[in-house]
Amino acid sequence: MQNKIVLVTGATSGIGFQTALALANMGAQVIITGRSHSSGESAVAEIKAASGNSKVDLLTGDLSAQANVRSLAGQFKARYERLDVLINNAGLAASERKLTVDGIESNFAVNVVTPFLLTHLLMDSLKASTSPRVITLMGGDVPAKLDMDNLQTERSFDGLNSYSQSKLAMMVLMYEFAQREKDVTINVCYPGQASTNMTRSVTPEMLPGFMRFIFPLFKFMVRDDDGKSAAKASRSSVYLASSPEVKGVTGKYFDTNCKEAAWSFAVTDAAVRSTLWKFVEQAAFHK
Ligand SMILES: NC(=O)c1ccc[n+]([C@@H]2O[C@H](COP(=O)([O-])OP(=O)(O)OC[C@H]3O[C@@H](n4cnc5c(N)ncnc54)[C@H](OP(=O)(O)O)[C@@H]3O)[C@@H](O)[C@H]2O)c1
């Protein structure tokens, strides 16, 4: 990864941090993003110290607000001549329904509109690379169907099910993006379950009814392990960002073991893709 410029969103902790560290270890120039300047600067210092790579920078911004996504993309373009790899890692599993400053439900904003918007805004920088790659992280189980009448949980909010719906919407969009954009490879990966701020913040109310009974077991499974499971979960992002095996491979989904897996019909359904694309384009660009 020498001479490669990589942007990892949401890399102040968890899987994003471990992804940035692994890529810095490989010699890449890594730019991480986070909401807070102080936690971002400590992550940068930690990655530099652990990797011995000084080419690690920070861009800050709460990516739930579109103005901040635009500002962050503008700052990136002003500072870096190109982008070789974009990793849309920042994600949100909201515990309740909230709207962002743009009036968009927060899971849908952070997990769907933000990666769509950021990837569009950085397309020129990506196309300046000889082998540009975009990688986006999906959530847990893929729902059987995207609930088009409840995309922003306006009819009902259902904890982690709503998070999974937003991640499915993101997969639909990235699959469609890969069909439309042939100069940049666009893939999705599943990291696997890891102990991170996200999983440790899950409350019993966010789990589906039957799983609430086994909440203590869930808590045990996601107990703090000093980044060990997050490092394991970073493997698929790191693989897609760096492996020569996936050069030119696009529109695919990779599992936690870096193996290509089949998309479900919920992702490839052409009618859903077209409707969702128009909807998110409108939300991101107010067309
Ligand atoms: N952990 C799992 O078991 C698991 C399983 C499947 C998929 N994933 C996916 O993996 C990705 C990383 O998650 P994680 O588990 O590593 O979670 P995490 O430790 O909570 O990290 C999430 C990162 O996203 C950032 N972020 C969250 N909301 C943001 C916002 N509004 N604006 C900007 N940055 C924001 C956080 O930054 P701050 O420092 O500012 O909070 C943090 O750096 C997510 O896309 C998640 O959906 C995780």
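Me: A polar contact is a pair of N or O atoms within 3.5 Å. In this predicted model, what makes the pairing of T12 with the ligand a polar contact?

Reply: A polar side-chain atom of T12 is 2.5 Å from an oxygen atom of the ligand. That distance is within 3.5 Å, so the pair counts as a polar contact.

Me: How do you know that I15 and M198 also make polar contacts with the ligand?

Reply: For I15, a backbone N or O atom lies 2.8 Å from a ligand oxygen atom. For M198, a polar backbone atom is 3.2 Å from an oxygen atom of the ligand. Both values are within 3.5 Å, and therefore both pairs qualify. The protein buries 92% of the 880 Å² that the ligand exposes when taken alone.

Me: Which elements give two or more residues to the shell around the ligand?

Reply: They are α1 (14-25), α6 (159-180) and α7 (197-200). The largest share, three residues, comes from α7. The ligand has 29 residues around it, of which T12, R35, N89, Y163 and T196 come nearest. By class, the shell holds twelve nonpolar, 14 polar and three charged residues.

Me: Why is α4 called roughly perpendicular to α12?

Reply: Two packed helices are described by the angle between their axes and the distance between the axes. Helix α4 (residues 106-121) and helix α12 (residues 270-285) pack at about 80°, with axes 10 Å apart. Angles of 65 to 115 degrees count as roughly perpendicular, and therefore α4 is roughly perpendicular to α12.

Me: Which residues of α4 and α12 meet?

Reply: From α4, the residues are F108, V112, V113, F116, L117 and H120. Their counterparts in α12 are L276, W277, F279, V280, E281, A283, A284 and F285. This contact consists of twelve nonpolar residues, one polar and one charged.

Terms used: Residues are numbered from 1 along each chain as its sequence is written. This is a predicted model: local features need pLDDT of at least 70, side-chain atom pairs count only at pLDDT 80 or more; totals for chains, interfaces and linings use all residues. Side-chain values use heavy atoms; hydrogens and water are left out. A residue is near a molecule or strand if one of its heavy atoms lies within 4 Å of it. A polar contact is a pair of N or O atoms within 3.5 Å; within protein, one must be able to donate a hydrogen and the other to accept it, and residues adjacent in sequence count only if both atoms are side-chain atoms. Accessible areas come from the Shrake-Rupley method with a 1.4 Å probe; for residues, only the protein chains shown count as cover. Helices (H or I, at least four residues) and strands (E, at least two) are DSSP runs, numbered from the N terminus. Ala, Val, Leu, Ile, Met, Phe, Trp, Tyr, Cys and Pro count as nonpolar, Asp, Glu, Lys and Arg as charged, and the others, Gly among them, as polar. Axes are lines fitted to C-alpha atoms, for helices over the stretch in contact, and angles run from 0 to 180 degrees between N-to-C directions. Angles under 35 degrees count as roughly parallel, over 145 as roughly antiparallel, 65 to 115 as roughly perpendicular and the rest as oblique. Contact means heavy atoms within 4.5 Å.
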